Amino acid sequence: CVSSSSTLTHGGDSSTSTSSDGALGVVDLNPPRGTRDFPPEEMRLRTWLFDNFREVSRTMAFEEVDFPVLESEALFIRKAGEEITQQLYNFEDKGGRRVVLRPEITPSLARLVIKQGKSVSLPLKWFTIGQCWRYERMTRGRRREHYQWNMDIFGMPKVRAEAELIQAIVLLFERLGITSSDVGIRLSSRKVLQAVLNMYSIPEHLFTQVCVIVDKLGKLSREEIEKELISTGLSSEAVQGIIEVLSLKSLSRLEEVLGSDVEAVADLKKLFSFAEQYGYADWICFDASVVRGLAYYTGVVFEAFDRKGELRAICGGGRYDRLLSTFGSEDVPACGFGFGDAVIVELLKEKGLLPDLSRQIDDIVFPLDEELEGPASSVASSLRKKGRSVDLAEDKRLKWVFKHAERINASRLILVGKSEWERGMVRVKILSTREEFEVKACDLE
Ligand SMILES: CC(=O)Nc1cnc2ccccc2c1
């Protein structure tokens, strides 16, 4: 229904269309619930953000990888009660296979590392930017898809991997104009919780479940957390002990409580000393309550947050040294983070840091009458071969072309007229200075 005046002839967001039997149907123009279209303006913002993700990945010497959005459901079946595995966008395909639209990237990375097996040399530093899905009952009106930038290091057992990943996060924030007074990175280690569970001789198999529960600190009330912990079989004394340790905000206090030979303390002290060397110490702070909600983390965990505390975590990640063995392979130490495309944009809007991303092209080539359309095409083609972005404006009036040039921020207007062309010339108008001159068509660049 888009007419030649190039505006929709109908108002509103529905268009009329006739289906094959001629019945008048109304096609819903919105994408499926919880999903987004990216018209040009939104797409320019997304491309700008993703180009920043890529540029940081390049400076960190990470290699880009990619996977299908569709994955076997088996990759995501975990029993720890995580929100992400209870909202799988799963279905049975026509071959009767149980598949999902992936809810996260890490299991696919692990699958590929295992598949590549001996043919890859460790450490591996891989990144990807991919769409992830969840199927939420739309009661909360939240999105069902978002894009995540993932950075992961395989085969680096020591906290230097975490230090590298945190540098990547800080570099990204700095590229976007965000400072350490806007955003902080809270970090801790799941080995803190492990040490506490050992103190109360709580069996190992409860560790993952307890992590997923205490990750809700801050979202659920303390009473609800205590109730959920008790229901896993913990004694109320153990529950109090856990909550007390998780409220620690200083590494030296932690050392007093756990002792200095605990691995968690050694790892974190090492990480803080790395932070000084990398130059991002003022971005990070220890916070024992950080556990992250994914079942497979085993060590250091971290998340970036806006210091005004209004938004959800901007990004998050951690070490997962035991994930590969859950897929039947030898374990490879691994560490990574996911950085979503939604919270960061809200933060940039709030800080007034969104860049001006209006359209911009180099040249508009315009034939002054119909018989010059051929010559105009050859002028446009030679400019494009030289890498200029050229909009060939045809069958319009000159008045429209000037307005169009303004609208798309063209640098030059190149007019192909009969008398000039007969002399091998075209007229060039520099739109910023209004200066106008003739130039030989073959000298144009
Ligand atoms: C703020 C936002 O859109 N979050 C979001 C949206 N979709 C998702 C889909 C899968 C996993 C996590 C997701 C997270």
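Me: Which residue in β18 is the bridge partner of Arg-427?

Reply: The model is a predicted one. In it, Arg-427 has Glu-438 of β18 as its bridge partner. The two strands concerned are β17 (residues 425–430) and β18, which run antiparallel and are joined by five bridges.

Me: What is the order of strands in the sheet that holds β17 and β18?

Reply: The order is β15-β14-β16-β17-β18. This is an open sheet of five strands, and its pairing is mixed.

Me: Why is one side of β15 and of β18 left without a neighbour in the sheet?

Reply: β15 (390–392) and β18 (436–440) are at the edges and have a single partner strand each, so one side of each has no neighbour in the sheet. From one strand to the next, the twist averages 25°.

Me: Which strands make up the open sheet of three?

Reply: They are β4, β6 and β5, in the order β4-β6-β5, and their pairing is antiparallel. The edge strands, β4 (70–72) and β5 (89–92), each pair on one side only. Neighbouring strands here are turned by 35° against each other on average, with direction ignored.

Me: How many bridges hold β4 and β6 in their pairing?

Reply: Three bridges pair β4 with β6 (residues 98–101), in the antiparallel sense. Ser-72 stands opposite Val-99 of β6.

Me: Now the ligand. Which residues surround the ligand?

Reply: A residue is taken as near a molecule if one of its heavy atoms lies within 4 Å of it. Around the ligand are Pro-103, Cys-132, Trp-133, Arg-134, Arg-143, Arg-144, Glu-145, His-146, Arg-312 and Ala-342. Taken alone, the ligand exposes 350 Å², and the protein buries 85% of that. Two or more residues of the shell come from each of β7 (124–133) and β8 (145–154). By class, the shell has five charged, four nonpolar and one polar residue.

Me: Which atoms of Arg-143 and Glu-145 should I look at beside the ligand?

Reply: For Arg-143, take a polar side-chain atom, which lies 3.4 Å from an oxygen atom of the ligand. For Glu-145, look at the backbone instead: an N or O atom there lies 3.5 Å from a nitrogen atom of the ligand.

Me: How many salt bridges does a search of the whole structure find?

Reply: The search finds 38 salt bridges. One example pairs the side chains of Arg-36 and Asp-341, at 2.9 Å from N to O.

Me: Why does the pair of Arg-36 and Asp-341 tie together parts far along the sequence, 305 residues apart?

Reply: Arg-36 belongs to the loop between β2 (24–28) and α1 (40–59), and Asp-341 to the loop between β13 (334–340) and α11 (343–351), so the pair ties together parts 305 residues apart in sequence.

Me: What is the usual case for phi and for peptide bonds?

Reply: Most residues other than glycine have a negative phi, and most peptide bonds are trans. Ala-61 has a positive phi, near 65°, and is placed in the loop between α1 and β3 (63–64).

Me: Which residues does a cis peptide bond join?

Reply: Leu-122 and Pro-123 are joined by a cis peptide bond, with omega about -5°. Pro-123 sits in the loop between α3 (106–116) and β7.

Notes: Residues are numbered from 1 along each chain as its sequence is written. This is a predicted model: local features need pLDDT of at least 70, side-chain atom pairs count only at pLDDT 80 or more; totals for chains, interfaces and linings use all residues. Side-chain values use heavy atoms; hydrogens and water are left out. Two strands pair if DSSP finds at least two bridges between them. Helices (H or I, at least four residues) and strands (E, at least two) are DSSP runs, numbered from the N terminus. Axes are lines fitted to C-alpha atoms, for helices over the stretch in contact, and angles run from 0 to 180 degrees between N-to-C directions. A polar contact is a pair of N or O atoms within 3.5 Å; within protein, one must be able to donate a hydrogen and the other to accept it, and residues adjacent in sequence count only if both atoms are side-chain atoms. Accessible areas come from the Shrake-Rupley method with a 1.4 Å probe; for residues, only the protein chains shown count as cover. Ala, Val, Leu, Ile, Met, Phe, Trp, Tyr, Cys and Pro count as nonpolar, Asp, Glu, Lys and Arg as charged, and the others, Gly among them, as polar. A salt bridge is a side-chain nitrogen of Lys or Arg within 4 Å of a carboxyl oxygen of Asp or Glu.
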